Amino acid sequence: MKKDTIKEIILEDRGKFYGCSRETFFKEGTTFKHRETMDGKNILYVTKLFNRHFITTGKEVISKLTEISDQGGKVLTLTELEEILPAFEIEENYPHFLYHKDAIAPGPLPDGYEIRKADPSVHKPLQEFLDSCNEEDIEDALIDLDDPDEEIRLVFSGEKPIGYAGYRRWGKEMGDVGILIHHEHRKKGLGRAAVAAATEACIKNKVLPFYRTCSENIGSETIARSLGYEFEWVTTECKCSL
């Protein structure tokens, strides 16, 4: 897929997310997105995308920042936010990667393992896998049986599910690829093979695959880059006081 086409898809998707028309999406300044669940929490997510800054936060923080930024006319960088907001701290960076190619080679699997397509409506093998994982891993992987991914691939050791890969739609044309491998089966190349399988499912369904991780998870980023994913943008989680 050509980079200009990919850029158009990202603009369409992120423009809708931030409530902007295509005509106004790239006006100079900072765009704010209100998230009700963040009201009163003094947490904000700052996304740097194509030399623009987008801030997702609660109404109290938005009120203060729009005042300072002259109703969005000024670009608020992380450095400026640090000067403006009391007790401003960066908590974590989340790089986002996109897969630009039209095909992907399936990842090799060690003996005794295989990847199978799973029906999202059949919960038994999914539940068996989730029961073997800790809550923190499940939360990080955003796996929810009540709101399953559009396509799911399970990694099996014999007849036991020990890994999960899938993608969740962002808008109509983007697929957020996620994986989780049980801790006892890591460092065997299973994560890479699972991401390749989920990426292949995106391509088959004409969905643009993207992959996000946290900057501390070097192994996860290595998987994405080794498969040909390319860095596109970063979202930074911050906290402050008002």
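# A guided tour from strand β7

Begin by selecting K160, which lies in strand β7. The model is a predicted one. K160 is partly exposed, with a relative accessible area of 45%. Show its surroundings: leaving out residues up to four places away in sequence, K160 touches E128 and V155. Now add F129, which is 31 residues from K160 along the chain; the C-alpha atoms of the two are separated by 7.9 Å.

Move next to V155, the contact of K160 just mentioned. Beyond four places in sequence, V155 touches Y113, E114, I115, K160, P161, I162, G163, I181, L190 and A194. V155 also belongs to the largest nonpolar core, which has 23 residues. The residues with the most contacts inside this core are V155, V177, V195, Y211, L227 and Y229. At least two core residues are supplied by each of β7, β8, α6 (190–204) and α7 (218–226). Colour α6 separately, as the largest share of the core, seven residues, comes from this helix.

Select D149 next, in the loop between α5 (135–141) and β6 (151–157). Is D149 buried or exposed? D149 is buried, at a relative accessible area of 7%. Display side chains here: that of D149 makes a polar contact of 2.9 Å with the side chain of Y164. Apart from neighbours within four places in sequence, the residues in contact with D149 are P120, Y164, G166, Y167 and R168.

Turn now to helix α1, residues 3–17. At 1.5 Å a residue, its 15 residues should span 21 Å, and the end C-alpha atoms are indeed 21 Å apart, which agrees. The buried residues of α1 are I6, I9, I10, L11, D13, R14 and G15. To see what covers them, show the strands around the helix, including β2, β4 (89–98), β7 (160–170), β8 (174–181), β9 (208–212) and β10 (230–239). After α1 comes G19, with a positive phi near 70°.

Finish with helix α2, residues 59–68, and highlight its buried residues V61, I62, L65 and T66. Where do the buried residues of α2 fall when the helix is seen down its axis? They lie within an arc of 125°, so they line one face of the helix. An α-helix has 3.6 residues a turn, so residues three or four places apart point the same way. To complete the view, display the elements that cover the buried residues of α2, among them β1 (30–34), β2 (43–49), β3 (52–57) and α3 (78–84).

Technical notes. Residues are numbered from 1 along each chain as its sequence is written. This is a predicted model: local features need pLDDT of at least 70, side-chain atom pairs count only at pLDDT 80 or more; totals for chains, interfaces and linings use all residues. Side-chain values use heavy atoms; hydrogens and water are left out. Buried means under 20% relative accessible area, exposed over 50%, partly exposed in between (1.4 Å probe, protein chains only). Helices (H or I, at least four residues) and strands (E, at least two) are DSSP runs, numbered from the N terminus. The arc is that of the directions from the helix axis to the C-beta atoms. Contact means heavy atoms within 4.5 Å. A polar contact is a pair of N or O atoms within 3.5 Å; within protein, one must be able to donate a hydrogen and the other to accept it, and residues adjacent in sequence count only if both atoms are side-chain atoms. The expected span of a helix is 1.5 Å times one less than its number of residues. A nonpolar core is a set of buried Ala, Val, Leu, Ile, Met, Phe, Trp, Tyr and Cys residues joined through side-chain atoms within 4.5 Å.
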